[in-house]
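Reader: I am new to this structure and would like a close look at a single part of it, the buried interior and the pieces that pack around it. Could you take me through that slowly, in connected prose?

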Amino acid sequence: MIKNLGETKDTYSTIIIGGGIVGAGVFRDLSLHDIDCLIIDKKDFSSQTSSKSSKMLHGGIRYLENFDFPLVWEALHEKNLWLKIAPHLCFEEKFYLPIYSDSIRPKWMIRIGLFLYDLLSSFENSPYEMKSKEESVAINKDLKEQDLRGSGVYHDAVVDDARLTIEVLRDGALNPRCHALNHTSLEKYEFLENKKVAVTLKDEITGESKKIYCKDIVFATGPFTDQIMSMNKDIHWDPKLLPSRGSHIWLDKDRLKIETAILLTPNDGRVIFVIPQGDRILVGTTESKVEEDYFDLSPSDEEITYLLANLNQYFPKANVEKEDILSSFAGIRPLVKDDSTAALGKTARVHKHYQPLHNCHVLVGGKYTTFRTMAQDVTRIIVHNHKKAYDHSKTVAPFRFKMRYNPFKDKATQEQIEEMKKYEFVRCEEDLKRRYRY
């Protein structure tokens with residue numbers, strides 16, 4: 001495991017730009033196939049989009065209305081896969097979907113949708129249920145009772161998104177030929193006549209710069225993709241993304257009397273998740289255009305107002321106010337442009353793989369849950385180019401190490417944190433604070 005830019009090799013088979021969950025998936029897959037590689041991130045791994053999600057592994061129940069059945073099928077199977085191979089990082093959760101007399105979707109439509117959701121999971125989901133008004137309020141006491149017709153109940157998973165990214169990276173770094181380095185930025189990349197790529201990197205902590213060569217370069221840079229691809233004149237890149245900011249707030253668990261996760265469906269067509277997690281409740285998300293710098297975003301006042309207004313509409317007895325918010329965060333979804341619609345909430349979470357040059361791979365779009373299959377679009381090609389057979393079974397196997405820290409049950413001790421410094425790519429104190437919340 002390397003500690004700074006000076007310890008990198010001069011040449012790698014593959015360099016991966018972007019240390020979020022998708023880049024981590026590419027890194028682990030190449031490592032498992034013994035392809036030497038380097039992954040870098042300008043800030044800490046998973047510090048941007050991949051730690052700013054709704055903390056779920058899910059099929060995307062709202063995409064059923066858009067008939068995005070292949071996407072939902074893929075995501076549900078990936079969700080259930082990670083429940084099996086990383087049970088310390090995710091767990092299945094019931095989601096109540098309350099139905100009111102003025103809801104856009106009547107009870108019969110919800111019943112069909114939930115059955116279809118289970119069907120697309122190949123019935124690996126715990127089966128859906130339909131609850132009466134009385135049953136719904138009994139388990140979620142603060143839920144609005146007026147005009148409530150009942151609830152549909154389906155199952156998705158809650159995940160520690162940043163923790164999963166780190167452990168995917170850690171598994172990849174077990175191969176001594178594969179290196180991961182955070183706080184390292186991309187200054188320039190050039191495609192040479194000898195079919196190699198010259199990549200100039202900068203250590204954001206030491207200020208050191210270094211030119212490294214590779215055969216293949218992979219861009220897994222999420223919402224930053226259009227900006228980074230436009231840096232190189234050899235690539236005639238047309239913007240592919242429709243960035244969408246999603247914001248969330250954290251509340252104390254005692255602020256709402258609920259025992260399960262709840263999916264709110266306001267009449268504006270959006271969805272808001274209310275998810276108990278330990279001693280807190282997560283509320284989000286929004287769908288807003290992004291106009292400021294993409295790094296380290298914060299929710300706008302309008303987004304906070306929107307979330308609180310809908311929260312109080314569905315939980316009027318709670319009367320949640322701005323002062324009740326413990327903290328908040330915002331991230332950007334790298335939605336792929338769809339000429340058929342300009343609505344952020346209606347844009348599907350499909351992913352695409354572009355190969356503008358034979359040794360240049362770009363992954364865009366997608367959703368957290370499908371990162372493993374997104375990575376395979378690239379890793380299959382690179383592995384085959386090395387005259388090796390691609391083995392699908394490698395990435396569906398559990399991690400090759402046993403992790404003792406369970407983020408849903410344990411609070412990391414100082415002793416554990418000191419031990420984790422040895423193998424978790426920690427380069428500054430802020431990384432530790434973000435990962436372990438101490």
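Author: Contact here means heavy atoms within 4.5 Å, and the model in which such contacts are listed is a predicted one. With that cut-off, E74, E78, L81 and W82 in helix α2 meet F371, R372 and T373 in helix α8. Sorted by class, this contact of α2 with α8 has 3 nonpolar, 1 polar and 3 charged residues. Helix α2 covers residues 69-85 and helix α8 covers residues 371-385, and their axes come within 9 Å and cross at roughly 110 degrees. Angles of 65 to 115 degrees count as roughly perpendicular, and α2 and α8 are therefore roughly perpendicular to each other.

W82 leads from this helix contact into the interior, since W82 is also one of the residues that touch the most other members of the largest nonpolar core, together with F27, L30, L164 and F399. That core has 50 residues, while a second, separate core of 33 residues includes F191, I228, M229 and V362. As a general tendency, nonpolar side chains in soluble globular proteins are buried together.

L30 shows what such a position looks like in detail: if residues up to four places away in sequence are not counted, L30 touches T14, I16, I35, C37, T379, I382 and V383.

One of these partners, C37, brings up the cysteines. The structure holds 0 disulfides, although C37 is buried at 0% relative accessibility. The reason in this case is distance: the closest cysteine sulfur to that of C37 belongs to C178 and is 3.7 Å away, which is too far for a bond, as a disulfide needs the two sulfur atoms within 2.5 Å. C214 is likewise buried, with a relative accessible area of 0%, and the sulfur of C214 is 9.6 Å from the closest cysteine sulfur, that of C360, again too far for a bond.

C178, the partner of C37 in that comparison of sulfurs, lies in strand β7, which runs over residues 178-181, and C178 is buried with a relative accessible area of 2%. Leaving aside neighbours within four places in sequence, C178 is in contact with F27, S31, I35, D36, C37, G172 and A173. The C-alpha atoms of C178 and I35 are separated by 7.7 Å, although the two residues are 143 residues apart along the chain.

D36, another residue in contact with C178, sits in the loop between α1 (21-32) and β2 (37-40). With a relative accessibility of 9%, D36 counts as buried. Apart from residues up to four places away in sequence, D36 touches K9, T11, Y12, S13, T14, R177 and C178. By way of contrast, the C-alpha atoms of D36 and A138, 102 residues apart along the chain, are separated by 55 Å.

A last place to look is V159, which is found in strand β6, made of residues 148-159, and is buried with a relative accessible area of 1%. If neighbours within four places in sequence are left aside, V159 is in contact with K55, M56, L57, L89, C90, L164 and F408. L164 in that list returns the path to the largest nonpolar core, where L164 is among the residues that touch the most other members. V159 and P407 are 248 residues apart along the chain, yet their C-alpha atoms are separated by 9.5 Å.

Terms used: Residues are numbered from 1 along each chain as its sequence is written. This is a predicted model: local features need pLDDT of at least 70, side-chain atom pairs count only at pLDDT 80 or more; totals for chains, interfaces and linings use all residues. Side-chain values use heavy atoms; hydrogens and water are left out. Axes are lines fitted to C-alpha atoms, for helices over the stretch in contact, and angles run from 0 to 180 degrees between N-to-C directions. Helices (H or I, at least four residues) and strands (E, at least two) are DSSP runs, numbered from the N terminus. Angles under 35 degrees count as roughly parallel, over 145 as roughly antiparallel, 65 to 115 as roughly perpendicular and the rest as oblique. Ala, Val, Leu, Ile, Met, Phe, Trp, Tyr, Cys and Pro count as nonpolar, Asp, Glu, Lys and Arg as charged, and the others, Gly among them, as polar. A nonpolar core is a set of buried Ala, Val, Leu, Ile, Met, Phe, Trp, Tyr and Cys residues joined through side-chain atoms within 4.5 Å. Buried means under 20% relative accessible area, exposed over 50%, partly exposed in between (1.4 Å probe, protein chains only).
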